[in-house]
Amino acid sequence: MILQALKEYYDRKAADPTSGIAAPGFERKPIPFLIVVDPEGRFVNLEDTREQQGRRQVSKVFVVPRSETRTGPSSHEKTFLLWDHCGYVLDHPEESDRTHLQHKTWRASLQSLPDILKQDPGVAAVLKFYEQDGIKAVKAHPNWPACADIPNCNLTFKLAGDLDPVPCRPAVQEYVRRTAGLPVSNTDEATDDGKKVVGRCLVTGEMDEIARLHGRTPISKDSKSLVAMQSNCGFDSYGKERGYNAPVGKKAEFAYVTALNTLLKSERNRMQVGDAVTVFWAARQDPFEDLFGDLWSDDPDRSTPAVESLFKSPQTGAFFTDNDPTRFYVLGLAPNAARIAVRFWIHDTVVNMAMRIRQHFEDTKIVHRPNEPPTLSLFRLLVSTAVQGKADNIPPNLGGDTMRAILEGLPYPQTLLQAAIRRVRAEQSKKDPRTGRQLPNVTYARAALIKACVNRETRRNNTNKEEELAVSLDEGNINIGYRLGRLFAALEKIQQEANPGINATIRDRFYGAASSTPVTVFGNLMRLTNHHLSKLEKEKPGLAVVRKQLIGEIMCGVPDFPAHLALADQGRFAIGYYHQTQKFFEKKAETTNKEEQQ
């Protein structure tokens, strides 16, 4: 299914002349340096194609003949058509025996080129370059140290006066188009006796030459294959090895590898979800394909308009056309030892996908301060559960499991709720290192996550109940965890009002115990609050009456302090605490505004 969807994406892009996707037999490859030679093969210049983009230098991308997979001890026996890395092209580094073997293969491949190519002036100049021992001139050029510093720096040649390198010359491009699907070197593309294998492709259902090795994808620092099989292992059967066990035709192999590489290089069709590099696309051109990436963006200027557009779509009809069968695909990948691991693969119609994403933003909607964004990106939600708020500390599978829950309409993973509550308790006494002031432990992002987790679980167990936890303070919620969370916030507020400027509150010492084993601490906290109320009565008697009424209203729904709260009730405790704290903040803001108006 994954390979079929990727091939369909390639076919759609290939039919669009403005897409820029590589044609069969070609690939888009960044080449940092070009060896410029004249028609007689004399070295002219070592041209640097890189451009400064921000803090890094980006090489120019050229459409060159497609590379082939090189693995194993005999990988030096295969080279690419008129371009390769410096080991093949320039015998660098010279002290390496393997480099000498690579360069020997390169020189032999040039001599074995067909006459139709050797007649081209650009290719002829390359051959004359080596006859004149032009490598020494290249290594004496001022740009050579910069080229040598790039590991496995890709190189090719350019004829002086031309705009494009030799692999892009019309004669070379025409030759590749005529031989597309047939490798220049048949090494590792045939059986041991040199015969090519023809069979029925599992992707297209058509007869085609079967690819023994599949192309690589640069998903991390190293390039790995999405489909890879080891030789002499348990997957071999009926005398077949490697790709012949799961036959994929060369045309389909080229299409899906090119499509995946194109998606991974795209800025609009790629995003990071935890440790998974995620790509997404639609079966045909659809505005949802452009919107999808913005929905999860950490940039409010991109995400806020996208979410607003999604919420208005039922009225505008943008993504909620009942008879629209357009499929949408989301693929999460992560690097593994020798191949790419599929973290998640989700596909559905655009309508269903849009409805589930809209539900996610409904579930995570919660009251917040005016200076905070109206919606939170998936990255902000996940990083709020990580130690020290660092993305590197997000558990490996948490991002993928959360994305799957969102796009398939499933309950959020229990590990997400556990991680959020764990961070709330771990940071109950966290202070700002610069000012020494208390920092909130139930933050906007954690409260949004906990609310979403609890409501989805409630909805699964009781389909008639849409949600349990509201967006803002719900005085009618009688759940014991929610009530105790509100009570704890009220007790903390009374302590702060009785002792202005206090550095540590009851939260620093008692939040963890109050949210998990209430009976052990709330008795002492209530006695401590009586002391704070008596002090408040002397200084602000009116405020003391208001606080007593609030405690009485909350305690009406608390028959007794339980010995233990389950994980879900600990989440409700956190939301009750957060809601009541936000209510106090709203009242303070309203009072400040009235004083400013007077």
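This passage describes two sheets, the helices packed on them, and selected side-chain contacts in a predicted model.

The first sheet is open and has four strands. Their order is 3-2-8-7, and the pairing is mixed. Strand 3 (43–48) and strand 7 (83–85) are the edge strands. Each has a single partner strand, so one side of each lacks a neighbour in the sheet. From one strand to the next, the twist averages 30 degrees. Strand 2 (residues 33–37) and strand 8 (residues 154–159) run parallel and are joined by five bridges. Within this sheet, valine 37 is placed opposite leucine 159 of strand 8. Helix 5 (residues 121–131) packs on the sheet. The helix touches strand 2, strand 3 and strand 8, and its direction makes about 115 degrees with that of strand 8.

Helix 5 also takes part in a salt bridge. Lysine 128, in helix 5, is paired with glutamate 40, in the loop between strand 2 and strand 3. The N to O distance is 3.7 Å. The two residues are 88 residues apart, and the pair links distant parts of the chain. Glutamate 40 has a relative accessibility of 39% and counts as partly exposed. Lysine 128, at 29%, also counts as partly exposed.

The second sheet is likewise open, with four strands. Here the order is 13-14-15-16 and the pairing is antiparallel. Strand 13 (270–273) and strand 16 (340–349) are at the edges, and each pairs on one side only. Neighbouring strands are turned by 25 degrees against each other on average, direction ignored.

Strand 13 and strand 14 form a hairpin with two residues between them. Glycine 274, in the turn, has a positive phi of about 60 degrees. Four bridges join these antiparallel strands. Valine 273 is opposite alanine 276 of strand 14. Strand 14 then pairs with strand 15 over six bridges, again in the antiparallel sense. Tryptophan 281 has tyrosine 329 of strand 15 as its bridge partner. Strand 15 (residues 327–335) and strand 16 are antiparallel and share nine bridges. One bridge pair there is leucine 333 with valine 342 of strand 16.

Strand 14 is mostly covered, with seven of its seven residues buried. Ala276, Thr278, Phe280 and Ala282 point one way from the strand. Val277, Val279 and Trp281 point the other way. Helices pack on this sheet too. Helix 9 (residues 250–265) touches strand 13, strand 14 (276–282) and strand 15. The direction of helix 9 makes about 110 degrees with that of strand 14. Helix 14 lies across strand 13, strand 15 and strand 16. Helix 14 runs at about 10 degrees to strand 16.

Helix 14 (residues 398–408) packs in addition against helix 12 (residues 350–363). The angle is about 115 degrees, and the axes are 7 Å apart. Helix 12 contributes Met353, Arg356, Ile357 and His360 to the contact. Helix 14 contributes Ile406, Leu407 and Glu408. Four of these residues are nonpolar, one is polar and two are charged.

Across the whole structure, a search finds 36 salt bridges. Among them is the pair of lysine 139 and glutamate 94, whose closest N and O atoms are 2.9 Å apart. Lysine 139 is in helix 6 (residues 135–139), and glutamate 94 is in the loop between helix 2 (86–90) and helix 3 (97–111). The pair therefore ties together parts that are 45 residues apart in sequence. Aspartate 294 and arginine 302 form another salt bridge, with closest N and O atoms 2.6 Å apart. Aspartate 294 counts as buried because its relative accessibility, 13%, is under 20%. Arginine 302 is partly exposed, at 33%. A network of salt bridges links Arg423, Glu427, Lys430 and Arg446.

A further polar contact involves a loop residue. Threonine 505 is located in the loop between helix 17 (480–498) and helix 18 (506–516). Threonine 505 counts as buried, with a relative accessibility of 5%. The side chains of threonine 505 and glutamate 492 are joined by a polar contact of 2.8 Å. Not counting residues up to four places away in sequence, threonine 505 touches Gln438, Glu492, Gln495 and Gln496.

Methods
Residues are numbered from 1 along each chain as its sequence is written. This is a predicted model: local features need pLDDT of at least 70, side-chain atom pairs count only at pLDDT 80 or more; totals for chains, interfaces and linings use all residues. Side-chain values use heavy atoms; hydrogens and water are left out. Axes are lines fitted to C-alpha atoms, for helices over the stretch in contact, and angles run from 0 to 180 degrees between N-to-C directions. Contact means heavy atoms within 4.5 Å. Ala, Val, Leu, Ile, Met, Phe, Trp, Tyr, Cys and Pro count as nonpolar, Asp, Glu, Lys and Arg as charged, and the others, Gly among them, as polar. Buried means under 20% relative accessible area, exposed over 50%, partly exposed in between (1.4 Å probe, protein chains only). A polar contact is a pair of N or O atoms within 3.5 Å; within protein, one must be able to donate a hydrogen and the other to accept it, and residues adjacent in sequence count only if both atoms are side-chain atoms. Two strands pair if DSSP finds at least two bridges between them. A salt bridge is a side-chain nitrogen of Lys or Arg within 4 Å of a carboxyl oxygen of Asp or Glu.
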